[in-house]
Amino acid sequence: LPMIIAHTARFGTSDKALLRVLTQENILVGGFFAIMGYIAAYTSTRLGERAVDERKLAKPELFFWSRVMSYYPLHFVVSTVFAPMFVAVDRWYGLPWKTTAFRAFLSFSMLQAWFPKE
């Protein structure tokens, strides 16, 4: 919810003081990554100990895929639900289908952050 408020506040007010308070999403993103790092470390340790659970980290690729597959299905559903809106905006701006297809590929493969200009 704070991210939605921060991203939409720019359009809802012109008060500079309020904008400074509401648009500090960079702090929220940093906090999110710190919390997620803590959760990743916590879930890879033995309960009640400060030791790594070897079973969970014996095959790092399985640990990686379990992390990815814990959120990708939701990402896929939300991207699919909102895909018509993204296509409509690209059509509205007269962008070629090639650009729309490339953006869809980036979104569904979660690579859009690597190509911020697209």
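## A polar contact at Asp-90

A polar contact is a pair of N or O atoms within 3.5 Å, where one can donate a hydrogen and the other can accept it. Here, the side chains of Asp-90 and Thr-100 make one at 3.1 Å. Keep in mind that you're looking at a predicted model.

Asp-90 sits in helix H5. Its relative accessibility is just 7%, so Asp-90 counts as buried. Leaving out residues up to four places away in sequence, Asp-90 touches Leu-95, Thr-100 and Arg-103.

## The salt bridge

Search the whole structure and you get one salt bridge. In that pairing, the side chains of Asp-90 and Arg-103 come together at 2.9 Å, N to O. The two partners are 13 residues apart and link distant parts of the chain, with Asp-90 in helix H5 and Arg-103 in helix H6. Arg-103 has a relative accessible area of 28%, so this residue is partly exposed, while Asp-90 is buried.

## A nonpolar patch on the surface

Now for some greasy side chains: Leu-74, Phe-76, Val-77, Val-78, Val-81, Phe-82, Met-85, Phe-86, Val-89, Trp-92 and Tyr-93 make up a nonpolar surface patch. Together they offer about 1,200 Å² of accessible area.

One of them, Val-89, belongs to helix H5, which covers residues 60-92. Val-89 counts as partly exposed because its relative accessibility is 35%.

## How far to trust it

The average pLDDT for the chain is 81, and 90% of the residues score at least 70. Among the chain's elements, helix H6 (residues 97-108) has the highest mean pLDDT, 93, and helix H1 (residues 2-12) the lowest, 67. Where pLDDT is low, don't read the predicted coordinates in detail.

Methods
Residues are numbered from 1 along each chain as its sequence is written. This is a predicted model: local features need pLDDT of at least 70, side-chain atom pairs count only at pLDDT 80 or more; totals for chains, interfaces and linings use all residues. Side-chain values use heavy atoms; hydrogens and water are left out. Patches are made of residues with over 30% relative accessible area and no salt bridge: like charges are joined within 9 Å, nonpolar side chains (Val, Leu, Ile, Met, Phe, Trp, Tyr) within 5 Å. Accessible areas come from the Shrake-Rupley method with a 1.4 Å probe; for residues, only the protein chains shown count as cover. A salt bridge is a side-chain nitrogen of Lys or Arg within 4 Å of a carboxyl oxygen of Asp or Glu. Helices (H or I, at least four residues) and strands (E, at least two) are DSSP runs, numbered from the N terminus. Buried means under 20% relative accessible area, exposed over 50%, partly exposed in between (1.4 Å probe, protein chains only). pLDDT is the predictor's confidence in each residue, from 0 to 100. Contact means heavy atoms within 4.5 Å.
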